[in-house]
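Biologist: Can you pull up the model for me? I'd like to go through a few features.
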Amino acid sequence: MADMDAGDEAPVSPGSAAAAAPDAAAAVPGTDPRAILAAWANDSDEWVRFVVRQVLDTGRPLSLEDAEDAYQLFRQEKAFDKRTAPEVPALTTPASADEADEPLTIKKLCDVSGVNALVAGAVIEPHEGLTILFGENGTGKTGYSRIFKALAASRTADVILGNLAAASNDPQSATIVYKLGSDTRTLAWTGERGVSPFIRMSIFDSPSVNFHVDDDLEYTYVPAALALFNHVVAGLKLIQAKIDDAAKHLTSGATTLLSRFPKEATVHPLIETLGASTDLEALKAKSDPDPNIEERIDVLRQAVAALEANTIGTQIITLTRVERVLSQATTVAATLTAFDSFGYRSLLATRVALDADYKKFRDELFSAADLPAGPEESWGEFVAAGERYRRHLEEIGSHDVARCLYCRQPLADPARELLAKYADYLADKISNDIAATDASIKATVAPVLGIDSTDIASFVAEYADAGETPPFYPALRELHSTLTSVQKMTAVGSATEADLHATVAPLSETLAEAHAAAEALLVSLRTQADNRTTALAQKKKERDELIAAAELAKSWPMIDSHVRNAKEADRLGILSKPLPGLSRSLTALAKTASDQLINQSFDTLFQEECAALRAPELRIEFLGRQGKAQRRKMIGGKVKPSKVLSEGEQKVLAMADFLAEARLAGIDAPVVFDDPVSSLDHRRIREVATRIAMLAEDNQVIVFTHDIFFASTLLGLFEKSKRCTYYQITDEAGKGEVARATGPRWDTVGNMKRKINETIQAAQKESGEARAALVRTGYGWIRSWCEVFTESALLQGVTQRYQPNVRMTTLSQIKAAALPVAIETVTRIFEDACRYIDGHSQPLASQNVSPTLAGLEAHWQELQEAQKAYGQAGG
């Protein structure tokens with residue numbers, strides 16, 4: 001129990017002068033934001049005055065219809081359209097509108113389902129003043145607070161879960177009966193967050209402490225007068241969007257127009273860049289309005305088609321091949337003419353004679369050599385290979401003339417003689433003459449064998465079965481046949497016809513003439529083709545230019561409109577550029593108005609709340625832009641409060657910020673506190689209780705708490721006014737069981753008497769160990785009865801458990817003369833009871849002494865008589 005001095009002898013009533021709370025209506029007067037807006041609008045364009053006037057008149061954002069009217073006024077004011085709208089006069093400061101909402105009061109919360117593990121059937125009917133929902137940790141009271149937080153869209157609203165221990169959960173739902181002004185309504189809640197009008201409720205809990213202490217907070221409340229700035233900024237953005245859309249629309253369509261003009265026409269790039277800078281007069285001069293222009297275009301199209309037929313090109317391709325074949329034919333004829341057929345035949349005869357002489361020499365040389373077979377070609381190759389191997393050994397210095405090249409055995413005289421013959425054979429002149437003759441033959445036939453006649457062969461084969469052939473074809477075919485015959489005969493070393501020149505000469509002459517004629521014709525055709533290409537390009541250009549000139553005349557209304565639209569869009573863009581700056585200037589004014597209307601008022605209210613709650617003094621910095629006000633708390637200008645203050649100091653500081661913010665808006669809805677005094681000492685608990693009590697005198701306040709001292713203090717503060725309802729939340733029959741009560745449950749003489757009588761009656765019906773156990777329980781209740789009797793009867797409740805004050809007004813009611821007798825009886829039986837209960841250790845001698853039912857009944861009778869005697873004694 002807290003110690004109290006004489007100055008704490010009675011609770012302070014919420015309505016007393018000693019409990020004077022901060023004035024909820026207190027605020028720092030400032031310039032009316034409406035006057036600021038009006039003055040700003042009068043220095044702006046006429047259409048801006050129209051926007052501001054509509055916002056000031058309605059107090060709401062600019063409607064789409066008004067935005068369209070403002071845009072039309074903008075166009076007329078800037079000379080885009082003819083002026084038809086009436087003049088907008090200078091604005092005068094309108095009278096301030098009443099911003100107060102109808103008061104909200106919660107009348108009942110019931111039918112809760114699907115919220116945590118709360119049992120069904122609970123009903124909470126909050127008082128229009130203070131409602132206390134008291135329950136120990138884990139009894140379920142948080143489930144009810146979460147419903148309020150969800151309805152209000154609190155900064156710290158949790159996700160509401162169902163019963164995690166259940167196999168399945170019912171959907172979240174609850175019924176809220178509330179009063180809005182004089183109208184009673186019912187909400188069937190199904191888990192929604194932020195339900196109007198409950199979003200006006202103010203909720204304070206432990207998680208919000210950090211928000212209110214360290215964070216840069218935006219105000220949950222924006223005065224309607226300050227919101228006007230945002231409405232005007234939004235209106236300006238609507239007008240700018242219309243201007244931008246109009247400019248975008250005006251500049252569309254050039255792509256469709258461009259596709260109508262030939263890309264090669266000189267006007268194509270002018271159409272491609274059609275815009276505000278286009279010279280319409282110069283462009284129009286390129287048009288041709290001739291009504292017969294389509295006929296002129298058709299003539300040019302026919303000319304182009306004729307030139308594009310390209311028959312000369314086909315002739316050139318055909319003649320080029322003929323020229324290539326004839327060129328190859330003249331080369332073949334020249335080669336065959338140059339072939340020395342008589343010399344070739346003479347070389348072949350010489351070769352035959354040398355072969356005969358060589359055979360005769362070889363046979364005579366090796367007739368006595370005892371060869372296994374006669375010397376022939378394979379034998380000659382063998383000898384030549386041995387000679388090459390001998391030269392190789394000599395080159396590397398390894399040849400031994402005394403040994404055989406192959407078996408490496410010493411050479412006998414016969415072997416040496418044979419090797420000498422081999423040497424003579426290899427050095428024979430006839431062999432050398434044969435080699436020289438073969439070389440001459442090869443050199444003679446090489447030009448003929450190397451001739452490329454693929455084009456001739458292909459041409460001859462192509463026309464072999466044709467009914468009509470070129471005049472030179474017979475000569476070409478005969479030349480090809482002659483070449484083929486000569487190549488076959490010379491390839492195998494056979495003799496050709498004697499006078500080949502006589503055969504080829506006439507063919508060569510015919511083919512040479514045909515080749516010359518083909519070359520001449522090909523040059524002529526190519527010249528004609530070049531002239532035709534030039535003529536085609538010229539006619540195409542004439543056609544494209546004429547088509548473009550005709551399209552210019554046909555599309556001129558669209559072109560003229562497009563250019564004028566582009567000029568208008570250009571002007572719109574120029575006029576649109578200053579609008580963001582206009583909004584910024586209004587934002588600066590909004591910040592000034594916010595400082596006057598919110599920040600200065602909040603600072604005053606915050607200091608009042610800090611004084612009432614004995615919160616630490618610190619400086620508030622006010623931040624914000626775009627009309628949004630924020631506040632920041634710092635100690636020493638640079639340190640966050642959480643780095644310096646204790647947990648209890650942070651809590652009362654957060655509560656001061658919370659209450660100042662709530663008062664700034666004008667409290668017209670329930671204020672909910674969820675465990676507001678955790679971490680606070682008894683003195684601060686009483687200060688917080690007093691402040692909440694003051695708040696509840698004029699507002700509906702709902703408090704969730706598990707602190708019995710705090711709950712008792714609140715109840716004491718409302719002992720006279722009775723503007724308070726108390727609910728006990730337990731988990732005896734399930735989480736969140738709600739019961740209306742008069743205060744936290746504590747023991748009384750009456751309920752202790754009932755429990756003792758019930759225990760004695762139960763013991764009388766039992767025997768043995770069961771009776772002994774009930775007797776000990778009875779002594780436990782007797783011990784508690786002695787404590788409660790002493791507290792409430794002997795001492796007349798001057799000091800009580802869970803009560804924060806000493807009730808000096810009952811001190812005179814203590815019957816001092818009767819105290820000694822009563823004290824002796826109560827003390828003696830109290831000590832006996834202590835020896836019989838399990839909660840006290842006993843000396844060894846008394847441990848085996850068991851209480852009896854008769855002793856219990858006698859002691860209880862004695863105590864009742866002592867109570868009666870004290871009650872009947874005089875003061």
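Biologist: How many disulfides does the structure hold?

Modeller: Zero. A disulfide here is a pair of cysteine sulfur atoms within 2.5 Å. Keep in mind that this is a predicted model: local features need pLDDT of at least 70, side-chain atom pairs count only at pLDDT 80 or more, and totals for chains, interfaces and linings use all residues. Residues are numbered from 1 along each chain as its sequence is written, and side-chain values use heavy atoms, with hydrogens and water left out.

Biologist: How far is C786 from the nearest cysteine sulfur?

Modeller: 8.4 Å, and that sulfur belongs to C834. C786 is in no disulfide.

Biologist: Is C786 buried or exposed?

Modeller: Buried, because its relative accessibility is 2%. Buried means under 20% relative accessible area, exposed over 50%, partly exposed in between (1.4 Å probe, protein chains only). C610 counts as buried too, at 5%.

Biologist: New topic. What order do the three strands of the open sheet take?

Modeller: β1-β3-β4, with antiparallel pairing. Strands are DSSP runs of E, at least two residues, and helices are runs of H or I, at least four, numbered from the N terminus. Two strands pair if DSSP finds at least two bridges between them.

Biologist: Which strands stand at the edges?

Modeller: β1 (104–113) and β4 (183–189). Each has a single partner strand, so one side of each lacks a neighbour in the sheet.

Biologist: How many bridges join β1 to β3?

Modeller: Seven, and β3 covers residues 173–180. K108 has V177 in β3 as its bridge partner.

Biologist: Which helix packs on the sheet?

Modeller: α4, residues 141–152. Helix α4 touches β1, β3 and β4; contact means heavy atoms within 4.5 Å.

Technical notes. Axes fitted to C-alpha atoms, helices over the stretch in contact; angles between N-to-C directions.
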